[in-house]
Amino acid sequence: MNRTIKKVAVLGSGIMGSRIACHFANIGCEVLLLDIVPKEPNPQEQAKGLSLSSPLVRNRIVNEAFQNTLKANPAALFSSAFAGRVKLGNFDDNLAEIKDYDWVIEVIVENLAIKQSLFEKVDALRKAGTLITSNTSGIPIHLMAEGRSEDFQKNFCGTHFFNPPRYLKLLEIIPTQWLLVVLMKYRTLLG
Ligand SMILES: NC(=O)c1ccc[n+]([C@@H]2O[C@H](COP(=O)([O-])OP(=O)(O)OC[C@H]3O[C@@H](n4cnc5c(N)ncnc54)[C@H](O)[C@@H]3O)[C@@H](O)[C@H]2O)c1
């Protein structure tokens with residue numbers, strides 16, 4: 001199956017998620033990068049009178065992670081201008097936007113129950129036929145897809161990027177029983 005990937009949603013903005021987001025921005029994709037909403041405003045935010053309803057607070061985790069990545073050495077982006085291709089948000093307010101994305105990559109904490117809980121929400125929101133993958137290092141792929149819809153399972157696999165993704169030009173593809181076809185000519189696309 002041929003797929004055209006122009007818009008990529010990256011779920012999780014930690015060490016790997018922010019760098020994967022930059023890597024896709026490098027090749028011209030529009031990227032949505034999401035993370036969790038903090039439990040409460042921190043003391044600095046409270047001092048400014050911000051509450052948990054403020055977007056600044058709600059997106060603090062993704063904002064800080066992405067800004068830290070922009071300062072990384074070696075650089076995650078080819079050009080700092082490409083940062084504008086990455087839209088930041090959070091799982092509570094922005095997850096529904098994944099319906100407009102061609103590839104949804106999960107890059108959250110390495111915990112099966114937490115990943116399964118996010119995939120349940122993703123299953124309800126993603127557009128049928130879109131690629132959905134996990135960057136897990138070691139959780140068996142079939143366990144993450146358990147209980148999900150047939151369309152989810154047919155379009156799900158592991159895509160294990162190595163750190164830092166811009167510089168380590170390899171991608172481990174972990175198929176499920178449904179998806180034995182390699183996703184794309186990775187080296188050609190991501191150079
Ligand atoms: N760090 C590496 O070198 C590396 C390499 C390859 C693969 N991986 C895999 O990539 C994934 C992410 O690893 P990382 O190193 O980026 O981790 P990280 O700790 O830097 O980032 C994890 C992200 O998960 C989010 N998170 C925490 N609790 C959550 C919850 N309850 N719900 C949703 N999101 C939550 C955090 O806010 C954070 O942004 C893991 O599956 C890991 O095994 C990591």
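A residue is taken to be near the ligand if one of its heavy atoms lies within 4 Å of it. In this predicted model, the shell around the ligand holds 20 residues, of which Ile15, Met16, Asp35, Glu110 and Ser137 come nearest. Sorted by class, the shell has 10 nonpolar residues, together with 7 polar and 3 charged ones. Several secondary-structure elements contribute to this shell: α1 (15–26), α6 (112–125) and β6 (156–161) each supply at least two of its residues.

The polar contacts of the ligand's oxygen atoms are a good place to look more closely. A backbone N or O atom of Ile15 is found 2.8 Å from an oxygen atom of the ligand. For Met16, a polar backbone atom is 2.9 Å from a ligand oxygen atom. Lys115 takes part through its side chain, where an N or O atom lies 2.9 Å from an oxygen atom of the ligand. On its own the ligand has 830 Å² of accessible area, and the protein covers 71% of that.

Turning to the cysteines, the count of disulfides comes to 0. A disulfide requires two cysteine sulfur atoms within 2.5 Å. The cysteine sulfur closest to that of Cys29 belongs to Cys22 and is 13 Å away, so the pair is too far apart for a bond. Cys157 is likewise in no disulfide, as its nearest cysteine sulfur, that of Cys29, is 16 Å away. Cys29 counts as buried because its relative accessibility is 5%, and Cys157 counts as buried because its value is 1%; the cut-off for this class is under 20% relative accessible area.

Key
Residues numbered from 1 in each chain as written. Predicted model: local features only at pLDDT ≥ 70, side-chain atom pairs only at ≥ 80, totals over all residues. Heavy atoms only, no water. Polar contact = N/O pair within 3.5 Å; in protein donor to acceptor, adjacent residues only side chain to side chain. Areas by Shrake-Rupley, 256 points an atom, 1.4 Å probe, with all protein chains shown as cover. Helix = DSSP H or I, 4+ residues; strand = E, 2+ residues; numbered from the N terminus. Nonpolar A, V, L, I, M, F, W, Y, C, P; charged D, E, K, R; others polar. Buried < 20%, exposed > 50% of the residue type's maximum accessible area, 1.4 Å probe, protein only.
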